[in-house]
Amino acid sequence: MVHGYKGVKFQNWARTYGCCPEMYFQPTSVEEVKEVLALARQQNKRVKVVGGGHSPSDIACTDGFMIHMGKMNRILKVDTEKKQVTMEAGILLADLNHQLDKHGLALSNLGAVSDVTAGGVIGSGTHNTGIKHGILATQVVALTLLTADGTILECSESSNVEVFQAARVHLGCLGVILTVTLQCVPQFHLQETTFPSTLKELQLLFRPELHGSPPGPSSVSIITPMDQPSLPRLWPQTRTAQRVLDNLDSHLKKSEYFRFLWFPHSENVSVIYQDHTNKPPSSSANWFWDYAIGFYLLEFLLWISTFLPGLVGWINRFFFWLLFNGKKENCNLSHKIFNYECRFKQHVQDWAIPREKTKVALLELKATLEANPKVVAHYPVEVRFTRADDILLSPCFQRDSCYMNIIMYRPYGKDVPRLDYWLAYENIMKKVGGRPHWAKAHNCTRKDFEKMYPAFQRFCAIREKLDPTGMFLNAYLEKVFY
């Protein structure tokens with residue numbers, strides 16, 4: 001008999017959204033999940049499943065029944081021949097990564113955070129970067145779904161195919177994901193190379209005979225503050241000098257996992273290449289620069305800027321100069337390079353736009369900030385790229401995409417005014433055909449999604465068939481579907 005708890009308060013990781021469910025359940029088996037749904041049907045209650053709680057929105061909130069899947073976290077099968085692993089949906093990716101290490105396997109791509117569950121990470125359309133790679137849900141080859149009436153559906157490309165195409169990005173509204181089977185690859189190491197540039201002039205720093213490799217020491221001279229008092233610049237020793245936004249294709253070909261960070265209120269860019277390597281593990285991590293400066297000092301200055309907003313532009317430029325003005329390299333197992341520590345509580349938005357709209361959108365965002373000096377934006381704007389797929393509600397449905405992520409930190413838990421920035425960003429994203437990340441806060445409604453997603457009506461029909469009474473809806477999903 002499953003046990004429920006009253007008086008539990010749920011808050012997401014960033015402490016930006018929370019709720020007080022009527023009952024909170026932590027089932028340990030499929031039978032216990034079935035019991036919760038049977039009780040919900042009997043009492044006409046709504047149900048929401050929650051995983052790691054990292055979604056920076058109210059997508060997991062409910063005042064009905066909440067099911068936390070954390071105790072259904074076992075590896076069920078490892079097929080080393082097919083390189084596939086089947087797991088309960090409540091397993092954290094951090095734990096999955098360690099289990100895969102033992103079998104010489106890895107996921108071909110991961111998001112920045114692994115304290116998230118397998119069921120949640122696919123359901124919200126989580127992504128990383130790499131134009132040869134899709135969102136994380138494209139690695140799913142099979143899943144099992146428990147529907148509102150207690151039926152278990154085995155879904156794959158050969159069984160319940162239509163449900164499978166919907167359930168890989170399920171938004172938590174089709175039922176309870178019980179198990180997930182992921183396609184893996186042999187374990188691999190990555191080298192991460194980070195180097196500075198500008199929006200106006202991103203130097204493609206390489207020797208002609210090494211085209212396709214990250215920039216090396218022989219291809220660039222860095223003039224540091226010790227050499228001259230002004231901000232450091234890169235001086236190329238090759239004739240290749242091209243613009244970041246005019247040459248995205250070059251970078252996407254040069255690096256398997258390419259992304260870049262733009263520092264608002266400046267021209268500064270930090271370019272990040274991640275590529276397969278046989279080099280031994282190495283790290284450029286440094287507690288003083290990463291924490292004393294990059295966290296504690298930054299948080300203090302951001303807090304000061306809540307009283308003096310004009311400081312934000314200076315902070316962005318100053319910290320680029322302090323922390324991002326030189327080349328850095330790190331090598332390690334893939335998941336240790338893909339993942340990084342999120343130190344700040346934050347508000348974020350992240351939209352997927354057609355890849356060819358990257359330059360137009362970013363320059364318009366930059367121009368908007370320049371035309372409205374009272375609107376401030378924290379660094380960075382993170383720009384990533386993802387392959388097209390055929391998942392019905394994937395933001396990358398039928399098109400290669402650029403994800404453009406904006407952020408406003410909450411220094412010492414203090415909210416910073418962001419509405420004008422948020423609305424300007426959303427307007428630009430809509431103008432260029434964007435689709436919001438499902439896990440992150442947005443102001444879109446059903447009318448918007450009907451225009452954004454060619455398969456939206458198909459998904460709605462599947463949802464209404466699997467959950468005719470709306471058991472798995474909440475306030476967030478009502479805005480999506482009604």
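Colleague: Let me start with strand 20: how many of its residues are buried?

Modeller: For strand 20, residues 346–354, the count is nine of nine, so to read this you just need the cut-off: buried means under 20% relative accessible area. That makes strand 20 a mostly covered strand. Keep in mind that this is a predicted model.

Colleague: Okay. How do I read what a strand is paired with, and which strands pair with strand 20?

Modeller: The general idea is that strands of a sheet pair through backbone hydrogen bonds, either parallel or antiparallel. Here, strand 20 pairs with strand 22, residues 401–409, in the antiparallel sense, and nine bridges link them. Strand 20 also pairs with strand 23, residues 435–436, again in the antiparallel sense, over two bridges.

Colleague: Which residues could I click on to see those pairings?

Modeller: Try His347, whose bridge partner in strand 22 is Met408. Then go to Ala352, whose bridge partner in strand 23 is Arg435.

Colleague: Now a whole sheet. In what order do the strands of the five-strand open sheet lie?

Modeller: The order is 7-8-12-10-11, and the pairing is antiparallel. Look at the two ends: strand 7 (75–79) and strand 11 (152–156) each have a single partner strand, so one side of each has no neighbour in the sheet. Going from one strand to the next, the twist averages 10°.

Colleague: And how many bridges join strand 7 to strand 8?

Modeller: Four bridges, with the two strands running antiparallel. One pair to find is Val78 with its bridge partner Val85 in strand 8.

Colleague: While we're in strand 8, is Glu88 buried or exposed?

Modeller: Glu88, which is found in strand 8 (residues 84–88), is buried, with a relative accessible area of 6%. If you skip its neighbours within four places in sequence, Glu88 is in contact with Met72, Asn73, Arg74, Leu76, Leu178 and Thr179. As for strands in general, in a regular strand the side chains alternate between the two faces of the sheet.

Colleague: What about the four-strand open sheet: what is its pairing?

Modeller: That one is mixed, with the strands in the order 1-4-6-5. Strand 1 (4–5) and strand 5 (47–50) stand at the edges with a single partner strand each, so each has one side left without a neighbour in the sheet. Helix 1 (residues 30–43) packs on this sheet, touching strand 4, strand 5 and strand 6, and its direction makes about 170° with that of strand 6. For a parallel example, strand 4 (residues 23–25) and strand 6 (residues 65–68) pair over three bridges. There, Tyr24 has Met66 in strand 6 as its bridge partner.

Colleague: Let's move on to charges. How many salt bridges does the structure hold?

Modeller: First the idea: side chains of opposite charge can pair when their charged atoms come close. This structure holds 18 salt bridges. One of them joins Lys366 and Glu370, with the closest N and O atoms 2.6 Å apart.

Colleague: Where do Lys366 and Glu370 sit along their helix?

Modeller: They are four residues apart in helix 9 (residues 358–371), which means about one helical turn separates them. Their surroundings are worth a look too: Lys366 counts as buried at 12% relative accessibility, whereas Glu370 is exposed at 53%.

Colleague: What does the pair Lys327 and Glu329 look like?

Modeller: Their side chains meet in a salt bridge of 3.3 Å, N to O. Lys327 counts as partly exposed at 26% relative accessibility, and Glu329 counts as partly exposed at 29%.

Colleague: And which residue forms a salt bridge with Glu382?

Modeller: Arg384, with the closest N and O atoms 3.7 Å apart. Glu382 is buried, with a relative accessible area of 7%, and Arg384 is buried, with a relative accessible area of 7%. Salt bridges that share partners tie Glu192, Arg259, Asp350, Glu382, Arg384 and Lys440 into one network.

Colleague: Last one: which residues make the nonpolar surface patch?

Modeller: Trp287, Phe288, Trp289 and Tyr296 make that patch, and its area is about 480 Å². Pick out Trp289, which lies in helix 6 (residues 287–305). Trp289 counts as partly exposed, at 35% relative accessibility.

Technical notes
Residues numbered from 1 in each chain as written. Predicted model: local features only at pLDDT ≥ 70, side-chain atom pairs only at ≥ 80, totals over all residues. Heavy atoms only, no water. Buried < 20%, exposed > 50% of the residue type's maximum accessible area, 1.4 Å probe, protein only. Pairing = 2+ DSSP bridges. Contact = heavy atoms within 4.5 Å. Axes fitted to C-alpha atoms, helices over the stretch in contact; angles between N-to-C directions. Patch = residues over 30% accessible without salt bridge, like charges linked within 9 Å, V, L, I, M, F, W, Y side chains within 5 Å. Areas by Shrake-Rupley, 256 points an atom, 1.4 Å probe, with all protein chains shown as cover. Salt bridge = Lys/Arg side-chain N within 4 Å of Asp/Glu carboxyl O.
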